[in-house]
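Open the model in the viewer and set the cartoon and side chains so that both can be switched on as needed. The stops below say what to select and what is found there.

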Amino acid sequence: MSASPRRSRRPQRRQLCCPAHPEQRIEGNGQKYFLHLLTPEQLKARGMPDKTAKLVIQAYPVLVLSNEWLEELFCPACGTSRWCHVIKHDRVEHTVRWAPRDLWEQVAHVDPVGANPTVSEYTRREARRYNQKRADGKRLFDPG
C-alpha cells in the first residue's frame, strides 16, 4: 500500500494569526461587529469603481459588509485580548490587523467614546475607585 496523501474530511477552522506574532494563532469569543458603509468613498477605498459605488449606495443606503468585522481576539504570545479588524477572503483565509479607532464609527449601535448606557453611574464610579491614589502615591484601596 502506498502512503498517498488523503484529503481530510474534517472542515478546516479559520486561521487567524496575531499581527505582532505572525506564527501565533489567535482565538476569538465569536462576538463580531460587522462594518456598515454609508458613503461611496468608503466603497471606493475598498477597490470599487466610483460609478458603481454611487449606484450601490443609492440602492442600499446602509451596506453591511459580510466579509469585514471587528472582533476581540486573544493572543497567547501577547497575553492580552485586543480588538482586531478581520477581513475574510475565503472560509479559512483571513487578514487580521489591529483595529484603528475610526473603524468603530462604521459599526452600528456601538459608541466607542461614550460609556455603556446599561452600566449605572455608581458601578462606573466603584470600578474607578481601585485606581485612585493618595497624596503619598499609594492606592486608596489596597486589596490585601
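Select Glu68 and Arg46 and show their side chains: the two form a salt bridge (a side-chain nitrogen of Lys or Arg within 4 Å of a carboxyl oxygen of Asp or Glu), with the closest N and O atoms 2.8 Å apart. Glu68 belongs to strand β2 and Arg46 to the loop between α1 (40-44) and α2, so this pair ties together parts that are 22 residues apart in sequence. Glu68 is buried at 8% relative accessibility, whereas Arg46 is partly exposed at 33%. Here buried means under 20% relative accessible area, exposed over 50%, and partly exposed in between, with a 1.4 Å probe and protein chains only. Helices (H or I, at least four residues) and strands (E, at least two) are DSSP runs numbered from the N terminus.

This is a predicted model, in which local features need pLDDT of at least 70 and side-chain atom pairs count only at pLDDT 80 or more, while totals for chains, interfaces and linings use all residues. Residues are numbered from 1 along each chain as its sequence is written, and side-chain values use heavy atoms, with hydrogens and water left out.

Next, add Lys44, Asp50 and Lys54, which are joined into one network by salt bridges that share partners. Within it, the side chains of Lys44 and Asp50 meet at 3.4 Å, N to O. Lys44 is partly exposed, with a relative accessible area of 36%, and Asp50 is also partly exposed, at 33%.

How many salt bridges does the structure hold? There are 5. For another, select Glu71 and Arg14, whose side chains meet at 2.8 Å, N to O. Glu71 is in strand β2 and Arg14 in the segment before β1, so the pair ties together parts that are 57 residues apart in sequence. Glu71 is buried, at 0% relative accessibility, while Arg14 is partly exposed, at 24%.

Stay in the segment before β1 and select Leu16. Its relative accessible area is 1%, so Leu16 counts as buried. Which residues does Leu16 touch, neighbours within four places in sequence aside? They are Gln24, Arg25, Ile26, Leu73, Val86, His94 and Val96, where contact means heavy atoms within 4.5 Å. A C-alpha distance label between Leu16 and Val96 should read 6.7 Å, although the two are 80 residues apart along the chain.

From Val96, move to Val86: the two are bridge partners, Val96 being the one in β4. Strands β3 and β4 run antiparallel and are joined by 5 bridges; a hairpin connects β3 to β4 through 5 residues. Two strands count as paired if DSSP finds at least two bridges between them. On to β2 (residues 63-75) and β3 (residues 80-88), which are antiparallel and joined by 8 bridges. In this part of the model, Phe74 stands opposite Ser81 in β3.

Now show the whole sheet. It is open, with 4 strands in the order β1-β2-β3-β4 and antiparallel pairing. Strands β1 (27-37) and β4 are at the edges, each with a single partner strand, so one side of each has no neighbour in the sheet.

Switch to the nonpolar side chains. A nonpolar core is a set of buried Ala, Val, Leu, Ile, Met, Phe, Trp, Tyr and Cys residues joined through side-chain atoms within 4.5 Å. The largest has 12 residues: Leu35, Leu37, Leu43, Ala53, Val56, Ile57, Leu63, Leu65, Leu70, Leu103, Trp104 and Val107. Two or more of its residues come from each of β1, α2 (50-59) and β2. A second, separate core has 9 residues, including Ile26, Leu73, Cys75 and Val86. Back in the largest core, select Val107, which contacts Tyr33, Phe34, Leu35, His36 and Leu70 when neighbours within four places in sequence are left aside.

Finally, color the chain by pLDDT, the predictor's confidence in each residue, from 0 to 100. The chain mean is 82, and 84% of the residues reach 70 or more. Among the elements, helix α3 (residues 121-129) has the lowest mean, 79, and strand β4 (residues 94-98) the highest, 93. With everything displayed, the chain shows 3 helices and 4 strands, running β-α-α-β-β-β-α from the N terminus. Of its 144 residues, 21% are buried.
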